[in-house]
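The following paragraphs offer a guided reading of a protein model. Please keep the sequence and the structure in view while reading.

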Amino acid sequence: MGKIIAIANQKGGVGKTTTTVNLAASLGVLEKKVLLIDADPQANATSGLGIDVEQVSLGTYQLLEHTKSAKETIVATTSPNVDLIPSHIDLVAIEIELVDKDKREYMMKQAIADLRGEYDYVLIDCAPSLGLLTLNALTAADSVMIPIQCEYFALEGLGKLLNTIKSVQRIHNPELDIEGMLLTMYDSRLRLSNQVVEEVRKHFGDMVFDTIIQRNVRLSEAPSYGQSIIKYDASSKGATNYLNLANEVVKKNQQTV
């Protein structure tokens with residue numbers, strides 16, 4: 001049975017998509033079969049895996065509308081063992097279209113139910129909001145990974161996200177767990193970065209991953225080439241960080257099986 005992990009934080013620019021794409025690629029390198037679902041209308045995870053967004057005709061939009069089966073929306077990527085359900089700007093409309101539908105929060109859960117047996121991990125890249133798209137992802141997921149950037153406003157809005165997760169647990173998905181909090185954009189030279197790490201670890205303890213994603217130029221460059229960091233520069237610090245994270249995720253899930 002595959003594990004479904006939503007990568008969520010309503011704050012933009014915290015490394016959600018970077019994490020989803022590179023964690024997927026790293027798990028693929030570890031010979032895990034991975035499906036990435038791009039649930040963000042900006043479609044950055046789609047382009048980050050080398051898929052031309054303009055050419056996307058089937059994807060998350062059709063998946064949530066239930067006009068196509070999940071298997072019909074899947075495309076292969078050049079990353080080993082990684083498949084993708086792509087996104088497109090059309091996905092912006094889905095929140096309005098789902099509003100008056102019954103069980104609107106369960107559309108993704110229902111649509112991907114049959115895929116569990118096909119993949120070791122299903123990663124959902126969430127939009128930077130707490131709207132219906134993110135709610136669908138959290139309702140469908142087994143757990144949620146929360147990227148937190150090592151900057152001044154890091155903890156701002158985190159309480160709101162944790163409250164949303166509690167609401168989802170209470171109303172829609174009692175099984176939803178927190179996979180962990182991931183510290184991103186860390187710069188060891190900055191006192192502020194170190195303070196944020198200290199603060200997050202003090203507040204959340206074991207919920208924080210040991211792996212920290214450091215600021216890395218190669219990591220920032222990779223998406224413009226439509227590649228994961230593993231493909232773009234496997235010897236970079238960014239690639240090492242994400243491989244460490246993938247190992248940590250695999251190890252954690254072996255212990256909980």
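Which residue stands opposite leucine 84 in S4? The model is a predicted one, and in it the residue opposite leucine 84 is valine 75. The strands concerned, S3 and S4, pair in the antiparallel sense over two bridges. Five residues lie between them in the hairpin, where asparagine 81 takes a positive phi near 65°.

Strand S4 also pairs with strand S2. Here the sense is parallel, and four bridges connect residues 34-39 of S2 with residues 82-85 of S4. Valine 34 has valine 82 as its bridge partner, while isoleucine 37 stands opposite isoleucine 85. In a regular strand, side chains alternate between the two faces of the sheet. In S4, Val82 and Leu84 lie on one side and Asp83 and Ile85 on the other; all are buried, and both faces of the strand are covered.

The wider arrangement is an open sheet of eight strands in the order S3-S4-S2-S5-S1-S6-S7-S8, with mixed pairing. Its edges are strand S3 (75-76) and strand S8 (208-214), each of which pairs on one side only. Helix H8, residues 158-171, lies across strands S6 (143-149) and S7 (177-186), and runs at about 175° to S6.

Attention now turns to the charged side chains. The structure holds eight salt bridges. One of them joins glutamate 179 to lysine 3, with an N to O distance of 2.7 Å. This pair links strand S7 to strand S1 (residues 3-7) across 176 residues of the chain. Both partners fall under the 20% limit for burial: glutamate 179 is buried because its relative accessibility is 2%, and lysine 3 is buried because its value is 17%.

A further salt bridge, at 2.8 Å from N to O, is formed by aspartate 142 and arginine 116. Aspartate 142 belongs to the loop between helix H7 and S6, and arginine 116 to the loop between helix H6 and strand S5, so the contact ties together parts 26 residues apart in sequence.

Arginine 215 and glutamate 151 form another salt bridge, their closest N and O atoms being 2.2 Å apart. This pair links the loop between S8 and helix H10 with the loop between S6 and H8, 64 residues apart. Arginine 215 is partly exposed at 42% relative accessibility, as is glutamate 151 at 30%. Arg218, Glu221 and Asp233 are joined into one network by salt bridges that share partners.

On the surface, Tyr152, Phe153, Leu190 and Leu192 make a nonpolar patch of about 440 Å². Leucine 192 lies in helix H9 and is partly exposed, with a relative accessible area of 37%.

How values were computed. Residues are numbered from 1 along each chain as its sequence is written. This is a predicted model: local features need pLDDT of at least 70, side-chain atom pairs count only at pLDDT 80 or more; totals for chains, interfaces and linings use all residues. Side-chain values use heavy atoms; hydrogens and water are left out. Two strands pair if DSSP finds at least two bridges between them. Contact means heavy atoms within 4.5 Å. Axes are lines fitted to C-alpha atoms, for helices over the stretch in contact, and angles run from 0 to 180 degrees between N-to-C directions. Patches are made of residues with over 30% relative accessible area and no salt bridge: like charges are joined within 9 Å, nonpolar side chains (Val, Leu, Ile, Met, Phe, Trp, Tyr) within 5 Å. Accessible areas come from the Shrake-Rupley method with a 1.4 Å probe; for residues, only the protein chains shown count as cover. A salt bridge is a side-chain nitrogen of Lys or Arg within 4 Å of a carboxyl oxygen of Asp or Glu. Buried means under 20% relative accessible area, exposed over 50%, partly exposed in between (1.4 Å probe, protein chains only).
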